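Subject: Structure for your review

Dear colleague,

Please find the structure below, together with its sequence. A summary of what was found in it follows.

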Amino acid sequence: MEGEGGMEIAFLGLGLMGSRMAGNLHRKGFGVRAWSRSGRGVPEGLTGVASVAEAVRGAAVVATCVADPAALREVIAAAGAGLSAGQLWVDFSTIGPEDAREIAAGLAGAGVAFVDAPVTGSTGGAQAGTLLIMAGGAPADLDRAQPVFGAVGAQVIRCGPVGAGSQIKIAGNLLIAAMLQGITEGILLTERAGLDPRTLLAVVQASGFRSPYYDFKGQAVIRRDVQTHFSIDLMHKDLRLFLQSAALSGLPAPLAARLEQIYGDARTAGRGDLDITATGLP
């Protein structure tokens, strides 16, 4: 079945985010051929395929949502001869800006345009189709991607050329890691002092540094809720991407370096697949 605007979409990567995004594309009327890198089942309504090459063959748009740059390169290599000139590749993964530019250059050789479009909004936003999309690419390519963006997100911010979306995303995730570490340490100290940590949240949310994020994650920290929406493994990867980009720019990044160590320690302790809520908990 062809979807909105005559698009047939190959969706590659059906993890916590990708499965929900692919489902929204199907519900919005797109024809979706889906491939799961991890071997997870294909959500109801999607057409499951056995290989990446089969998924991408003849698709107007190829969309990916995978764990890291290495996984994305593996998927692109597996697409192989299934790709054809004129296709648009929209990557919803979080990769580094340098990776995005290198991948775009490689795909351009096959006549395939590339847009880096990392998202934020966690699994709830992916389920509801309300993600925020940070898009990098040529204006004409972003225009072509807009129907796909509209099916999975509520807002698109055009950040600049290819790589710009990824650059903004890793900077945003550094901020998320810092905010979560701060609220977690504050809650733990408040509890240790014998006070109700909900009082801390009330003060924070009545102040100039209030944020919806503190309600979402602060309440989870109080409940010790570590159900995975965004894993420690993935945040650690994003912090490493930030540090790599900072090093290439000659920028000292001491906060990012310390947070990367904290997340690395959490992974060493066996918490990598838990939600980032678990990072600062004893």
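Arg73, Asp99 and Glu102 are joined to one another in a network of salt bridges. Please bear in mind that the model is a predicted one.

Within that network, Glu102 pairs with Arg73, and their closest N and O atoms are 2.9 Å apart. This pair connects distant parts of the chain, since Glu102 belongs to helix 4 (residues 97–108) and Arg73 to helix 3 (residues 69–79), 29 residues apart. Arg73 has a relative accessible area of 33%, and because this value falls between the limits of 20% for buried and 50% for exposed, Arg73 is classed as partly exposed.

In general, side chains of opposite charge can pair when their charged atoms come close. A search of the whole structure finds 13 salt bridges. Two further examples are described here.

One of them is formed by Glu8 and Arg33, with the closest N and O atoms 3.8 Å apart. Glu8 lies in strand 1 (residues 8–12) and Arg33 in strand 2 (residues 31–35), so this salt bridge ties together parts that are 25 residues apart in sequence. Are these two residues buried or exposed? The cut-off for buried is a relative accessible area under 20%. Glu8 counts as buried because its relative accessibility is 18%, and Arg33 counts as buried because its relative accessibility is 15%.

The other salt bridge is between the side chains of Asp275 and Lys217, at 2.6 Å from N to O. Here, too, distant parts of the chain are linked: Asp275 is in the segment after helix 11 (254–268), while Lys217 is in helix 9 (residues 212–223), and the two are 58 residues apart. Asp275 and Lys217 are both buried.

I turn now to a contact between two helices. Helix 1 (residues 18–27) packs against helix 6 (residues 139–152) at an angle of about 110°, and their axes are 8 Å apart. Because angles of 65 to 115 degrees count as roughly perpendicular, helix 1 is described as roughly perpendicular to helix 6.

Which residues meet in this contact? From helix 1 there are Met21, Asn24 and Leu25, and from helix 6 there are Val148, Ala151 and Val152. Of the residues in the contact of helix 1 with helix 6, five are nonpolar, one is polar and none is charged.

With kind regards

Note on methods. Residues numbered from 1 in each chain as written. Predicted model: local features only at pLDDT ≥ 70, side-chain atom pairs only at ≥ 80, totals over all residues. Heavy atoms only, no water. Salt bridge = Lys/Arg side-chain N within 4 Å of Asp/Glu carboxyl O. Helix = DSSP H or I, 4+ residues; strand = E, 2+ residues; numbered from the N terminus. Buried < 20%, exposed > 50% of the residue type's maximum accessible area, 1.4 Å probe, protein only. Axes fitted to C-alpha atoms, helices over the stretch in contact; angles between N-to-C directions. Parallel < 35°, antiparallel > 145°, perpendicular 65-115°, else oblique. Contact = heavy atoms within 4.5 Å. Nonpolar A, V, L, I, M, F, W, Y, C, P; charged D, E, K, R; others polar.
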